[in-house]
Amino acid sequence: MVSPMKRKMTRLLALVVVALLPAMLRAQDNADWTRPFEPFRIIGNIYWVGSYDLSTYLITTPQGNILINTGVGDTAQQIAKSVDQLGFKLSDTRILTATHGHYDHVAGMATLKRLTGARLIVSEPDRPLFESGGKADFRFGNTPGAQFDPVKVDGTFKDGESITLGGTTLVAHLHAGHTKGATSFTTSVQEGGKTYRVIIANMGSINPGVKLSGMPGYNTIAQDYARTFLAQKDMKVDVWLASHASQFRLHDKYKPGDRYDPERFVDPQGYLAAVQQLEKTYLDQLAKERTGK
Ligand SMILES: [Zn+2]
Ligand SMILES: [Zn+2]
C-alpha cells in the first residue's frame with residue numbers, strides 16, 4: 001500500500017524525469033555530435049567532412065560538389081574547415097541535401113546555404129521540416145531543443161529519382177518511418193578496376209516517444225517502416241555508410257591517420273545485420289504496443 005501523498009510525489013518525479021529525458025539524451029549525445037573529427041577520403045570521390053558522430057559527406061565532381069547533411073552547433077564552420085583541409089573549396093558546393101530533416105543532420109543547413117549559395121534539394125515529404133525549422137515534425141515539432149534555422153528548399157525528389165552532377169549520380173530511395181521523407185542515397189564508384197555499390201543509408205531507428213501503432217500526425221508510420229525494412233534488406237550493397245558514424249561503426253573501421261583503402265567500408269553483412277536488428281526492434285515494439293504490455 002502506498003500513501004496517496006507518496007503516490008503523488010512518485011508521479012510528480014516521473015513527470016519531471018520524462019520532461020528532462022530528451023534534454024539529458026541530447027546533452028549526452030552532444031559531445032560526440034559536435035566533437036571535431038579529421039576529414040578523410042572514404043572511397044573515390046566521397047569524403048567524410050562530418051563531426052565525430054554526425055556524418056557529412058562531400059562528393060566531389062568536375063562540375064562542383066555535393067554536400068549531404070550538416071550537424072548541429074558550429075558544425076557548418078567545422079565542415080567548411082574540413083572541406084578546405086582536404087584541398088577542396090566550400091564555394092564549389094552546388095547541391096546540398098540530407099538523409100532526413102532532423103536537427104542533428106540539418107541544423108547547419110541554413111548557414112551552409114548562405115556560405116555556398118548552393119541549391120538545397122530534399123525529399124518531397126521532408127520539405128516541411130526544413131522550411132519550418134523542425135516545427136512540422138510529428139515527433140519533435142514541439143520540442144524547442146530540436147528546432148533549427150528554417151531554410152528554403154529549392155527542389156525536391158521522389159522515391160527513385162536521382163541527383164546528377166558532373167558525372168556522379170545519386171539515386172534517392174525513400175526509406176520513410178524515421179521521418180516521412182527519410183532518404184538513403186546510392187551511387188557506384190569505380191576504383192582500382194572495381195565497381196563498388198555505395199549506400200548512404202538512413203537506418204530505420206525509432207526515436208523515444210514514437211508510437212508505431214498510432215502516431216499522431218503520422219498515420220502510416222508502421223507501414224512505412226515495414227516497407228523500408230523490406231526495401232533495405234533487398235538492396236545490394238558493398239560500401240555501407242549512414243547518417244551517424246555509430247550506425248555503421250566508423251570508429252571500429254577507421255582511425256585518424258589510417259591510409260586510404262577503398263575496401264575499408266565494404267561491409268554487406270554488417271549492413272544487413274543492422275537492418276535486421278532494427279526491423280526486430282520495430283516488430284518487438286509494435287507487438288508490445290498492440291498487446292498493451
Ligand atoms: Zn532523426
Ligand atoms: Zn540522427
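This is a dialogue on how to read several features of a predicted model.

Trainee: Where do I begin, and how many helices and strands does the protein chain have?

Mentor: Begin with the overall counts. The model is predicted, and the secondary structure of its protein chain comes to eight helices and twelve strands. Of the 293 residues in the chain, 43% are buried. Among contacts with a separation of 6 or more, 65% are between residues 24 or more positions apart.

Trainee: Which residues have the most contacts inside the largest nonpolar core?

Mentor: That core has 71 residues, and the ones with the most contacts inside it are Ile42, Tyr57, Met109, Ile200, Val239, Trp240 and Leu241. Take methionine 109 as one case. Leaving out residues up to four places away in sequence, methionine 109 touches Thr70, Leu96, Ala98, Leu120, Phe130 and Val151.

Trainee: Valine 239 is also on that list. Is valine 239 buried or exposed, and what is it in contact with?

Mentor: Valine 239 is found in strand β12. It counts as buried because it has 27 C-beta neighbours inside 10 Å, and the cut-off for buried is 20 or more. Beyond four places in sequence, valine 239 is in contact with Ile43, Tyr196, Val198, Phe265 and Val266. For spacing along the backbone, look at isoleucine 200: it is 39 residues from valine 239 along the chain, with a C-alpha separation of 8.6 Å.

Trainee: How far apart in space are threonine 186 and valine 239?

Mentor: Their C-alpha atoms are 9.7 Å apart, with their positions 53 residues apart in sequence. Threonine 186 lies in strand β10, residues 183-191. With 19 other C-beta atoms within 10 Å, threonine 186 is partly exposed. Apart from neighbours within four places, threonine 186 is in contact with Val171, His173, Arg197, Val198 and Ile199. Val198 is thus a contact of both threonine 186 and valine 239.

Trainee: Next, a helix. How does the reach of α8 compare with the expected value?

Mentor: Helix α8 covers residues 268-291, 24 residues in total. From its first C-alpha to its last it reaches 35 Å, close to the 34 Å expected at 1.5 Å a residue. Just after α8, glycine 292 takes a positive phi of about 75°.

Trainee: Which residues of α8 are buried, and what do they pack against?

Mentor: The buried residues are Tyr271, Ala274, Val275, Leu278 and Tyr282. They pack against α6 (221-233) and β12 (239-242). The second of these is the strand that holds valine 239.

Trainee: How should I describe the packing of α6 and α8?

Mentor: Two packed helices are described by the angle between their axes and the distance between the axes. Here the axes of α6 and α8 come within 10 Å and cross at roughly 160°. The two helices are therefore roughly antiparallel, since the angle is over 145 degrees. Their crossing is left-handed. At the interface, Ala222, Tyr225, Phe229, Gln232 and Lys233 in α6 meet Leu272, Val275, Glu279, Tyr282 and Leu286 in α8. Val275 and Tyr282 of this set are also among the buried residues of α8.

Trainee: At what angle do the axes of α2 and α4 cross?

Mentor: The axes of α2 and helix α4 (residues 109-116) cross at roughly 45° and come within 9 Å. That angle makes α2 oblique to α4. The residues that meet are Ala76, Ile79 and Ala80 in α2 with Thr111, Leu112 and Leu115 in α4.

Trainee: What about the backbone angles outside the helices?

Mentor: Most residues other than glycine have a negative phi. Asparagine 69 is not a glycine and has a positive phi of about 75°. Asparagine 69 is in the loop between β4 (65-68) and α2, and it counts as buried, with 27 C-beta neighbours inside 10 Å. Arginine 249 also has a positive phi, near 55°. Arginine 249 sits in the loop between β12 and α7 (250-253) and is partly exposed, with 15 other C-beta atoms within 10 Å.

Trainee: Where is leucine 86, and which residues is it in contact with?

Mentor: Leucine 86 is in the loop between α2 (75-85) and β5 (93-97). Leucine 86 is partly exposed, with 16 other C-beta atoms within 10 Å. Leaving aside neighbours within four places, its contacts are Pro39 and Tyr47. The C-alpha atom of glutamate 38, 48 residues away along the chain, is 9.6 Å from that of leucine 86.

Conventions:
Residues numbered from 1 in each chain as written. Chains lettered and ligands numbered in written order. Predicted model: local features only at pLDDT ≥ 70, side-chain atom pairs only at ≥ 80, totals over all residues. Core = buried A, V, L, I, M, F, W, Y, C linked by C-beta atoms within 7 Å. Buried ≥ 20, exposed ≤ 12 C-beta atoms within 10 Å, placed from the backbone. Contact = placed C-beta atoms within 7 Å. Helix = DSSP H or I, 4+ residues; strand = E, 2+ residues; numbered from the N terminus. Expected span 1.5 Å × (residues − 1). Axes fitted to C-alpha atoms, helices over the stretch in contact; angles between N-to-C directions. Parallel < 35°, antiparallel > 145°, perpendicular 65-115°, else oblique. Left-handed = near helix turned anticlockwise from the far one by under 90°.
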